[in-house]
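Me: Could you take a close look at the ligand site for me? I'd like to know what surrounds the ligand and where its contacts are.

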Amino acid sequence: MCGIVGYIGKRNATDILISGLRRLEYRGYDSAGLALLSDDKITLVKQTGKVAALEQRLKESVASDVREHSCIGIAHTRWATHGLPTEANAHPHTADNGDLALVHNGIIENFADLRRQLESHGCIFTSQTDTEALAHLISTFDEGDLLAAVSLALKRVQGTYGIAVISARHPGQIVVARRGSPLVVGIGESETIIASDVSAIVAHTRQVVYLQDGDVALITENGPQVYTLENAAVDRAVSKVEWEVDAAEKGGFAHFMLKEIFEQPAALQNTIRGRLDMALGTAILSGLNLTARELAAIRRLVIVACGTSLHAGMVGKYLFEGLADLPTDPEQAAEFRYCNPILGADDLVVAISQSGETADTLAAVREGMQKGALVAGLCNVVGSTIARETGRGVYLHAGPEIGVASTKAFTAQVTVLLMMALKLGRSRRLSREAGLSLCEEINRIPEMIGRVLEENERIASIAEKYAGCNNAFFIGRGILYPTALEGALKLKEISYIHAEGYQAAELKHGPIALLDKKLPVIALLNDIPGKEKTLGNAQECIARSAPVIGILTEGDHEAEQVSTDVIRLPRTSAYTAPVITAAALQLFAYHVARLRGCEIDQPRNLAKSVTVE
Ligand code: F6R
C-alpha cells in the first residue's frame, strides 16, 4: 500500500526512481511524486494519476541538468488514506521552506494534535495529509543531525510508518525508518537503493537488508547504518534475494495477472518441491519447527487471514477436519482481534498472507502470541513482517505476485494447507497408504492446472457471452464453497461486476429471488461428493431462466446437461478440486475484465498489500 523508492549513489537518480515507481505502482496509483537533491537544493515534482503522468510532468517542468544529474532522490506512488488524491496531497511532502522532503507509507494517528501544535508555532500546511505533520515535526527538531531529528520526531508519533527523508542541509544522506510498513535497503556498488519492496531493487542489486519495526537508518552510498530510536546501533543481516528480475516483469503477457495465472504450474512445482516424503507418505515442513510431540498436542487450528487468503483458509477447514480430524476455525483477521478469541497452548493459529504485511493479519498474529497459542505464518514474501514475527511457518515459494488480484498465491496457499493437513493427518489417523496416495495427487497438481490453462480460449469465448452482465452468482458446496467466494471476489474486483458467492444450498433461502435470464450462475459441479445435490441447485437456477455456467469434470454428461455453458476440468479428488477450479475461475474473471476494457493489474480503489487497519 503506497510505494516508496529512494536512491543515493553516482548514477542518475531520476531514471532509477521512475523505474522503481513503475515496479511499485501495484501498491497504489492515484498520484505520484519525487524529490531530487542536487547542488544543495531540493526539486519537487508531483502529479495526480499514474507514474506515466509524473514522468511526463518531469520532462515538462524540470530542467534537464537537474533531471539528468541528480544522484540523490526519493519518490512515492500513493494509495490515498488522508485527503483526496490531489497534487497537493501527493508525496513527497516538504517543510523548512522546501529544504526537507519526506515520503511516507502508513498512518500517523495523532496527526491532528501534531498539526494543531505545529500550526500554533507558525508552520504552514499545504495539504490535508497526516504525513505533512511529520515533515514539519522533523524539520523543527533538526539542529544539524538529520538522523537525530527523525528519531526525536518519530518518538512523538502514534501510528504506522515507513518513511524516507532527504534534506538540502544534509546532502549525501537519506534517513529512513519503519514501524508497521515494510522498508528494504538494497546495497549496490557505491550506491544504495531503498524501497518498500524488493521488486524496485532487484534490477540493481540482490543484496538487501530488511529493516525491522523500530529501526531508523542513515543511508549513504555505502549502505545503511541502523539504529533504534534511542540511538543504539543494531546489526541487521544482509540477505540475498532469491528471484531474478524477470520474475517481476510481464514476460510477454498483456497483464501481470495473466502471467501469474499461467505461471501456476511452475510456481506450484516450487511450492511442492522437496516437501513430500514419498517413502513415509507425509509432508516435510521443517519451517513449522514443531516437534512430533507438539504436533500431536495440537487440539484446534485457528486460521486468520483476509480476502483471498481468507478463502484459502476456509478451504483449509475442510482439509484439516477431513484429513486430520482437527477442529478448524477460519476467522477474518480484523474481526478475530476484537472478539476476545479464546486461545491456549494447544491451539495452532495459522496466519495466511501473501504479502506478509497485511495490518489486520499481523494484529491477529500478535493477539495469538499474546494469548499463548502457537502461531505459524504462511507467507509468500520472504522476510516479510508476519514471516519474521511468527518465526515458524511455511513459505509459498510462488515467486513475486505483482497483479493486484491474487491468483497464484491462492493456489499455492491451498497447496501448502493440503501438505500441512497431510502432515497433521499422518500424525493422527491417516495410514501410510492414504498419505502416499495424497502425496501422489499433490505431485500432480501442477500438471492438472496446466490442463485447465489449455482451456484458456474456450473460457475466453464463454466470457465474451457474459461480459455485458451486471450481476453474477457463484455457487459451490462443501470444500468448493470457499472457491465460489474466491471466484466471485476475482470477478468483482477486476471487472466491477457485482458478484456474490453462495453455498449452493443457501441460494433458495433468499438470493434465488434475484434470478432471471440476465443473471448467470457459475456452478461448481466438479464430480466430487456432494455433486448430485449441487446439480439439483443448478436445475433450480435453470428453472428460473438463469443461465448456468457449469464448471465440471471432463466426461460428466450428467453435469453437462444442466449447464448452459461448460468449462471442463480434469478429474481430481475433493482435496485438490479447489486449486484446479480456482484456476478456471481466474481465467474467466480475467477475460470478462479484459473484454470490458478494465485496468486489470490496477483495479480502481484497490492496492496490493493492505498495511492499514
Ligand atoms: C484479492 C486480494 C486481497 C488479498 C488480501 C490479503 O485478490 O488480493 O483480497 O488477498 O488483501 O492480502 P495478503 O494475502 O497479502 O495478506
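Reply: Happy to; here is a walk around the ligand site, from its setting down to single contacts. Please keep in mind that this is a predicted model.

Let's start with the setting. The ligand sits in the second largest pocket. Residues of its shell come from both domain 2 (255-453) and domain 3 (455-601), so the ligand lies between these two domains. Two helices, α10 (307-324) and α17 (481-495), each contribute at least two residues to that shell.

Next, the make-up of the shell. There are 14 residues around the ligand, and those that come nearest are Ser309, Ser353, Ser355, Thr358 and Glu493. Sorted by class, the shell holds eight polar, four nonpolar and two charged residues.

Now for the contacts, which may be the part you want for your own work. Glutamate 493, one of the nearest residues, has an N or O atom in its side chain at 2.5 Å from an oxygen atom of the ligand. The backbone takes part too: a polar backbone atom of threonine 308 is 3.1 Å from a ligand oxygen, and for valine 404 the distance from a polar backbone atom to an oxygen of the ligand is 3.3 Å. As for cover, the ligand on its own has 400 Å² of accessible area, and the protein covers 87% of it.

To put the picture together: the ligand lies in a pocket between domain 2 and domain 3, with polar contacts to the side chain of glutamate 493 and to the backbone of threonine 308 and valine 404.

Technical notes
Residues numbered from 1 in each chain as written. Predicted model: local features only at pLDDT ≥ 70, side-chain atom pairs only at ≥ 80, totals over all residues. Heavy atoms only, no water. Near = heavy atom within 4 Å. Polar contact = N/O pair within 3.5 Å; in protein donor to acceptor, adjacent residues only side chain to side chain. Areas by Shrake-Rupley, 256 points an atom, 1.4 Å probe, with all protein chains shown as cover. 1 Å grid on protein atoms, 1.4 Å probe; cavity = no way out; pocket = protein on both sides within 12 Å on 5 of 7 lines; lining within 4 Å. Sits in = over half its atoms within 2 Å of the grid points. Helix = DSSP H or I, 4+ residues; strand = E, 2+ residues; numbered from the N terminus. Nonpolar A, V, L, I, M, F, W, Y, C, P; charged D, E, K, R; others polar. Domains from an automatic or database assignment.
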